[in-house]
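Open the model in your viewer and follow the stops below. Each stop says what to select and what is there.

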Amino acid sequence: MTQHLLLAAFALILATLAACGVDGAPTRPEPARETVREPGVHISGEARFGVIKQL
């Protein structure tokens, strides 16, 4: 039984390592063309509050 467990663990580790880099080397995402800004802290957002009543 321990041999089967060891084999299953080895297969899981091998499958995990085989999946690393399947799609090639990692690449840095390109910044969105609309939101290219100077480095720093930028805060933006939208909030909506309200009450809906149906009769």
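**A short tour**

Start with the whole protein: its accessible surface comes to about 6,500 Å², of which 62% belongs to carbon and sulfur atoms. Accessible areas come from the Shrake-Rupley method with a 1.4 Å probe, and for residues only the protein chains shown count as cover. This is a predicted model, in which local features need pLDDT of at least 70 and side-chain atom pairs count only at pLDDT 80 or more, while totals for chains, interfaces and linings use all residues. Residues are numbered from 1 along each chain as its sequence is written, and side-chain values use heavy atoms, with hydrogens and water left out.

Keep everything selected. Of the 55 residues, 0% count as buried (under 20% relative accessible area; exposed is over 50%, partly exposed in between; 1.4 Å probe, protein chains only).

Switch to a cartoon view. The protein has one helix and zero strands (DSSP runs numbered from the N terminus: H or I of at least four residues for helices, E of at least two for strands).

Next, select Leu7, which is found in helix 1, residues 2-19. Leu7 is exposed, with a relative accessible area of 56%.

Finally, select Glu46 and Arg48. These two form a salt bridge, with the closest N and O atoms 2.8 Å apart (a side-chain nitrogen of Lys or Arg within 4 Å of a carboxyl oxygen of Asp or Glu). Both Glu46 and Arg48 are exposed.
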